[in-house]
Amino acid sequence: MKFHYKPSTQQLRDENSLAKTSADTIDTVNFNVFQWSLLLLFFITTWAEAEPYLAIKNNMKCAVCHVNPNGGGLRTEFGRIYGQNILPKQSSSYDSNQLAKITQFLSVGADARFNARLQRDDDGNNSQSFEIASSQLYLNVKLPDTGLSFYVDQQIAPGSAINREAFVMYQFANQDYLRAGKIFLPYGLRIEDDSAFIRQATGMNFDNSDNGVEYGFNYASGTVNLVIANGTSQASNNDDSFLYGIRVEHLFSNLRLGASAVLNDGDQQSQLFNIYAGSQLGDFTFLAEVDLLRLIPANGDTKQDVEQLISLAEVNYQWTAGWNLKLTAEYLDSDRDIAENEQTRFSFIAEYTPFSNIQLRLGLRLKQDIPQKPQQNYDVIFLQSHFYF
Amino acid sequence: MKALIFVFCITCLVSCGAGSGVGLDESGRPINETVQSPTPDDQSVGIKPDLTSIQENVFTPICSSCHGGVSPAAGQDLSSIENSIENLINVDSSNPEFKRVLPGSPLASYLYLKITGDSKAGARMPLGQPALPIETINAIKQWIEQGALVPEQANTPTMITKVSQQLTKNVSVDHIIQGTNSSRLLIMTFWFNKSMNFSGLHSNQVIVNISENSQGTVQKINIIPSELIAINSVNDHVLQVKVDNIPVQAVGLTIELNNSNISTIISNSGQQLDGDLDGNEGGSFSHEISL
């Protein structure tokens, strides 16, 4: 199929709704919408969240845009079309399938982020640098008529190659799936910024996959993910216990609500809970997540339990094609038994996608910690170019 | 209306503030929790090249925000000294060429490469934060160079963390005159993770066996006499063992320390060497090398 069609986001929402209605309704719509609906039906599977605000804005499950049910990485055919035609100010007219779809069953993709950064901390340290923030290559092999696929997410820069994900997935006829291998665990809003408190403190980020098995239940307006993993992020389990996790998410008309729970029952028991939400109001998209983390020392350890509270609030203002303003506020209380130890971080980011497959981001991040840690009180200005396909 | 929503959002977002830090130390812990009687070393200002200082100044306040919690990044929990020891010293890194910390060798230690931004190790740590000050990097480098010692009071076994060896050929005048084969000298260096008491250790408490090739198979085992073994304490955590007159036909060598029948190696705090690495004190340490 070859697409040169640029629907509005409202149309996309309508078409997504269509995808969830009966086949009789689909018969009545025009051919373009039919194509989109087929795509949506085909790719609505579970959940992915590299840029969750886009999923919330369009009221779609994130896996509409990503092959990986749990975030980021290789884009689906629809995701490629969205990145080529909907996101940028000016779209290119090439056929993205010719670039990314090697055969009917083999597709590839990439992300590359290059940064220019200027940092200053309260200790008087200044630094400025250019850096390759990350470069990934993705590959997905989908075996015909079996429901089986094999997926690899390989970071190739900076430094030596590191495997982020490698799993085999089986998709059932009802769109439930089972996958096993090295995976990103399903947990909360998986925003792109790994340095966000909710991703950093929980360890649920793109720098930290784990070996395990996940089952995803899919229903029309939501997903339920169950996972069991080593809980060590390593190739083998170094204790006799596992990590158990569940995430539940439901999509309402302009609102999505979700909750996650993780129990990592190692030498030190860790418990993690969160609730998260996303909503869309006109050109604004809102995201919020609150996490409660409990660390319980091993038996015989005299240390006390530690309870952490972490939150994120994000507002996106996408008033015209190609532009998005993102404001985030983050809060981290690293030990609730200790007063006056809280940290905050505020980000002001302008995202501009001038044409297909390249996004420029200009951002200011203000990190605040207690005065006793001057190096942890710093400001960062960055300019990032993000190439994707 | 849009402007109103925008202003409201910004107001809500920036209404939180960081803690004032009142009553907290430089790690963000209550001051009364960390009051200790100062020792002469504690009078100095700044980070020191020992794990306690590195833990307090770097691992706990900076690294453990990612390398801690429910699912520590890369499975590397640095939130306490015990976790740092368990997850760093002689642990394989994500790059198979390197250990996370290889005692004695900063340049072969992924941790050092990471904090210096070496291209072999990928993104510089701490991720998304300013680079560590040069004095902090130097303290970590020095700690690794000195053998990545762990504090005496740390709740970890006393272990040998690294063995290095150097084999040289002995060609003496006697060998030339007598027309006999030359022999070899092997110098092995053992790195311990804690300060040790080597005073009671003698050469006859070190067992060295060599194996020779006989008819294509390695089978003949000879014990090297203790007169040909010399031990030398380089410092309180590095022990050198020299084995002389190793015949050229020897193809393998096994050295055994801490055999409970003949000797016990203990740390300066009285903890026995965990030679067999089972997490409990005691057990012989055996090391094999091919010659």
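The largest cavity in this predicted model encloses about 130 Å³ of space. It belongs to a set of six cavities of 30 Å³ or more in the structure.

Let me turn to what surrounds that space. The lining of the largest cavity comprises 17 residues, and those closest to the centre are I191(A), E192(A), D193(A), E314(A) and K326(A). By class, the lining divides into nine charged residues, seven nonpolar and one polar.

Which elements give two or more residues to this lining? In chain A they are helix 4 (52-57), strand 12 (306-317), strand 13 (323-333), strand 14 (343-355) and strand 15 (358-368). Strand 13 of chain A supplies the largest share, namely three residues.

One of the residues closest to the cavity centre, K326(A), also takes part in a salt bridge. Its partner is E51(A), with an N to O distance of 3.7 Å between the side chains. In sequence the two residues stand 275 residues apart, and the pair links distant parts of the chain: E51(A) lies in the loop between helix 3 (31-43) and helix 4 of chain A, whereas K326(A) lies in strand 13 of chain A.

Over all chains, the whole structure contains 22 salt bridges. How many of these salt bridges are counted between chain A and chain B? The count between the two chains is zero.

That brings me to the interface itself. Here 57 residues of chain A are in contact with 51 residues of chain B. Between them, chain A and chain B bury about 4,200 Å², and carbon and sulfur atoms account for 58% of that area. On the chain A side, the residues that lose the most area to chain B are Q200(A), F284(A) and Q372(A); together they make up 13% of what that side buries.

Finally, a word on chain B. Its domain assignment gives domain 1, covering 43-145, and domain 2, covering 160-290. Taken over C-alpha atoms, the centres of domain 1 of chain B and domain 2 of chain B are separated by 32 Å.

How values were computed
Residues numbered from 1 in each chain as written. Chains lettered and ligands numbered in written order. Predicted model: local features only at pLDDT ≥ 70, side-chain atom pairs only at ≥ 80, totals over all residues. Heavy atoms only, no water. 1 Å grid on protein atoms, 1.4 Å probe; cavity = no way out; pocket = protein on both sides within 12 Å on 5 of 7 lines; lining within 4 Å. Points joined across faces, edges and corners; volume = space filled by probe spheres on them. Helix = DSSP H or I, 4+ residues; strand = E, 2+ residues; numbered from the N terminus. Nonpolar A, V, L, I, M, F, W, Y, C, P; charged D, E, K, R; others polar. Domains from an automatic or database assignment. Contact = heavy atoms within 4.5 Å. Buried area = accessible area lost by both parts, 1.4 Å probe. Salt bridge = Lys/Arg side-chain N within 4 Å of Asp/Glu carboxyl O.
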